[in-house]
Amino acid sequence: MKFTDGFWLMRPGVTVDYAAEAYDISPAETPDGPGIVVHAPTKVIAKRGDVLNRSVLTVTLSSPLDGVVRVRIVHHDGARSSAGFALPGAVSGGGSVEVTSAGGILSAGRLTARVAPGAPWDLSFEVDGERVTGSGFRSVGRVSLAEGADVESGVISNAGADTGVPFSDHFVHEQLDLGVGEAIYGLGERFGPVVKNGQTVDIWNADGGTSSEQAYKSVPFYVSSGGYGVLVNDPGHVSFEVGSENVERVQFSVSGEALEYLVFAGPTPKDVLERYTALTGRPPVVPAWSFGTWLTTSFTTDYDEATVTSFIDGMAERDLPLSVFHFDCFWMREFNWTDFTWDERVFPDPDAMLQRLHDRDLRVSVWINPYIGQRSPLFAEGVANGYFVRRPDGTPWQWDLWVPGMALVDFTNPDAVRWYQSYLRRLIAQGVDCFKTDFGERIPTDVVWHDGTDPERMHNLYAQLYNAAVHEVLVEERGVGEAVLFARSATAGGQTMPVHWGGDNSSTFASMAETLRGGLSLAWSGFSFWSHDIGGFEGTPDPAVFKRWVAYGMLSSHSRFHGSDSYRVPWAFDDEAVDVTRRFSRLKLRLMPYLYAAARSAADTGVPVMRPMALEFPDDPTTLHLDRQYMLGPDLLVAPVFSASGDVSFYLPSGEWTHLLTGERVTGGGWRRETHGFDSLPLYVRPGAVLPWGARDDRPDYDYLDGLTLRVFPGGEGVAEVTVTVPDGRAKTFRVDRSEVTE
């Protein structure tokens, strides 16, 4: 949200009172332990009379975790403010404080916050003794808007819509310095450029597809190439101006009278993600079977049990491995979503059908959403018991966008949660293994929640409560290591309930590329497991798009064939599409010892399976802006081909790289241009890597130690330790001499 008109002026109707000085600096006890409290008047106090008739901002510094500093800026403390996100990793007693005539210092491991006394306002952050960013002159501000104020924001114009941002006349903002050449990443799954510099980013979940500026997964957290990260601890609308309104700074603003943010120390981006996920939560290890191929009915296509059986038979007949079959919306009767009941017209005996699928060693996924249509048998039950979100007059909130007359389950009501979960438990008992938790973005703001939560704050947070209710059931009924979602909406902390997929893309090369950008952006936001609709969701891909997307999709953490109004079975395109699917799906299964190790590492450290190049090679400046390639785990470089011709340009960091499919050795340190058939793409092994190679290519969940091959690639030296863990928990560590190259 932009408040200024250039450097000197405010926009019409906008008044900003900036913190002018640190008038006094005092040590204080905070819920985090030792901290610092600073009173910052909005004018330099030169005489006694200056203390009257003006605003004072109270700034509190504390440390909830080693290497993390919390900053809370408050104007009026009695006003209602956000409780923030759940921070399960927070500990009390962290940090040490020193206050002298030279200012205040809060030390939290590798991160130090310094407040200088007097004017101008100066709060700086240091990692290992080096300043990485800070808040200076005209950075901390309390904003007032007059009626009709001319502010610019990507979502503020939706103020009159049910799901738009409610109008507010007061905001608090902070601005943190940007260094020369500093790049900003993250802020959720966003489909524009991965480097966010120059962008206005509104943290406001929306169902806008992958070709818009909107996002299904809005996360108010960013990582800087300068060696730090920032989380704005507010689940409501946070507006970021990333080197846009002020090109020298990142500004973030929230409505109300208080703003809280946390700074995370590097020095590397992996260090930042480790600290961020240590505080907000890390993902569990997802089941090994979930890494296999997922095939669906698609969305509005015609299907029944015979269709499903023909798809599964077709995969088997063509020697295409399959792990999960997913039933999309129309497993339930139209207009009834959600009633958790199979449509008997097309699935007359679901118990027997599910047993037949399990007999074929398949897992079953079904689609759900948090809405209850008026025709659903559950609607009257929900209304009678107060399980739905209400309007201010006490009636259930309803509208016709999506399912006619639908109401919204109020997951702040414990009874409503148990009610919703009871139907999930019945499906699990029937044989359903996992759920696609669709929607959860269009959450109204003109409503009253059971627990009294501010509707603006609940808009993004709803996705968390919805997915948590479903994930909890799977953990309880299937076990910790067996619980997996296929979720679309999320916010900060959502990484603890994987897997997430990229939403509604289109069947084009351009959409394939924007989908990748969304996945990279989400990886920068702390999410470790991610998928997308192979071939695109909207429209029908031509065979070239489908085959290129298959190669990329199988080299993602999770791989799903899914469309809107057309099927995504490979033989619907051409015979070569079947061959390409076979080649890359079997390649992925051979890689399972390696991928499962990356998944376990994600659970331990928060470093994602799919990694932006700048995350893995932060000291190589060429990687800063790369968004058409990525690392799959630590050692595999993947550059998807976004053309029918097979022409592709990509960057190889320094060292001797080896193409996994051909064995060709290439010296890195520059750009390459190659041409690939549909059965290939740039897939290079990092210099000196030791790649654990599985013996099976028919399923993802096997004994990785049985028949394991350790493939040693050139370019390394010394001894490498490689730990291979089997899905049942057994593990073995190998010490490998890198000089004994096998490839």
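Trainee: Among contacts in the protein between residues at least 6 apart in sequence, what percentage join residues at least 24 apart?

Mentor: Keep in mind that this is a predicted model, where local features need pLDDT of at least 70, side-chain atom pairs count only at pLDDT 80 or more, and totals for chains, interfaces and linings use all residues. Residues are numbered from 1 along each chain as its sequence is written, and side-chain values use heavy atoms, with hydrogens and water left out. A contact here means heavy atoms within 4.5 Å. Of the contacts between residues at least 6 apart, the share joining residues at least 24 apart is 71%.

Trainee: Okay, and what radius of gyration does the protein have?

Mentor: That one is taken over C-alpha atoms, and the globule rule is 2.2 Å times the number of residues to the power 0.38. With 743 residues, a compact globule would come out near 27 Å, so the protein agrees with the rule at 26 Å.

Trainee: How much of the protein counts as buried?

Mentor: Buried means under 20% relative accessible area, using a 1.4 Å probe and protein chains only. Strand β16, residues 199-203, is mostly covered, with four of its five residues buried. Strands are DSSP runs of E, at least two residues, numbered from the N terminus. For the 743 residues of the protein, the buried share is 62%.

Trainee: Which residue in β19 stands opposite D202?

Mentor: Two strands pair if DSSP finds at least two bridges between them. β16 pairs with β19, residues 238-242, in the antiparallel sense over five bridges. Opposite D202 in β19 stands S239.

Methods: Buried means under 20% relative accessible area, exposed over 50%, partly exposed in between (1.4 Å probe, protein chains only).
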